[in-house]
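Biologist: Could you take me slowly through one part of this protein, the largest pocket, and say what lines it?

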Amino acid sequence: MKNYMTQTDRYGKLWIWTAAVVVLMVPVAICVYYNAWPSLTAVLKGLLGVAPIYWTVGCIEVLTYTPMLGVGGTYLAFVTGNLTSLKAPSALSAMENAGVKPGSEEGEVISTIAIATCSIVTTIVIVIGVCVLHLISPVLDSPVMKPAFDNILPALFGGLGVVYISKNVKLAIAPLAFMIVLFLCVPGLAGSVGVLVPVGVLIALGAGRIMYKKGWL
């Protein structure tokens, strides 16, 4: 297992940096092709508005999801993307069905297999969707379907939430109460559910530590 972890970490770093370079090369290639380069001031001004948020969320997500997904699962999920809406629910559901715990050797293997399978299936679905987009676009653009697409992420985490909340209701009280109050006070944050997932995890960890010290758990 030690050799597996070492190899996974090595190849994980390689693919993470490869993906980062490929992503950055897309705008560079466009600029080279059209010979149109943005000024440094414009780039810095654009980064100033979004970089602090994404860097913060990125750091929080690494600390939040790594203990749940394991080494291989974390690298694979961050390279393939859609971590919050697809990869994390798939891994947690697979470990739940297999009866293994996150962080264990069995959980490491199951999580990696689940995320890899999710990535393959997602890619196949996207390819099929692109090929038949002109046929299904009237259905997807229908006003009847809009409420369903708006609630995909809440539906995913709602299903998982029922399972995990029922296991330990005490730990769920603090993050649930915080999120309910937050969304009632600031309804506009409803579109940032994915970003707030790590925040809820940190609140649950802090509340759990306090309750553990007081002997409530």
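Modeller: This is a predicted model, and its protein chain averages a pLDDT of 83 (the predictor's confidence in each residue, from 0 to 100), with 95% of the residues scoring at least 70. Local features need pLDDT of at least 70 and side-chain atom pairs count only at 80 or more, while totals for chains, interfaces and linings use all residues. Residues are numbered from 1 along each chain as its sequence is written, and side-chain values use heavy atoms, leaving out hydrogens and water.

A pocket, on a 1 Å grid over the protein atoms alone, is an open set of points where a 1.4 Å probe fits, with protein on both sides within 12 Å along at least five of seven lines, and its lining residues have an atom within 4 Å of a point. The largest pocket holds about 1,500 Å³ of space, a volume being the space filled by probe spheres set on the points, which are joined across faces, edges and corners. Its lining has 39 residues, and Tyr164, Pro175, Gly200, Val201 and Ala204 are the closest to the centre. Two or more lining residues come from each of helices H2 (40–80), H3 (83–98), H7, H8 (169–185) and H9 (193–213), where helices are DSSP runs of H or I with at least four residues, numbered from the N terminus. Helix H7 (residues 152–167) has the lowest mean pLDDT among the elements of the chain, 73.

By class, the lining of the largest pocket has 29 nonpolar residues, 7 polar and 3 charged; Ala, Val, Leu, Ile, Met, Phe, Trp, Tyr, Cys and Pro count as nonpolar, Asp, Glu, Lys and Arg as charged, and the others, Gly among them, as polar. The second largest pocket has a volume of about 1,300 Å³, and H2 gives the most to its lining, with 19 residues.
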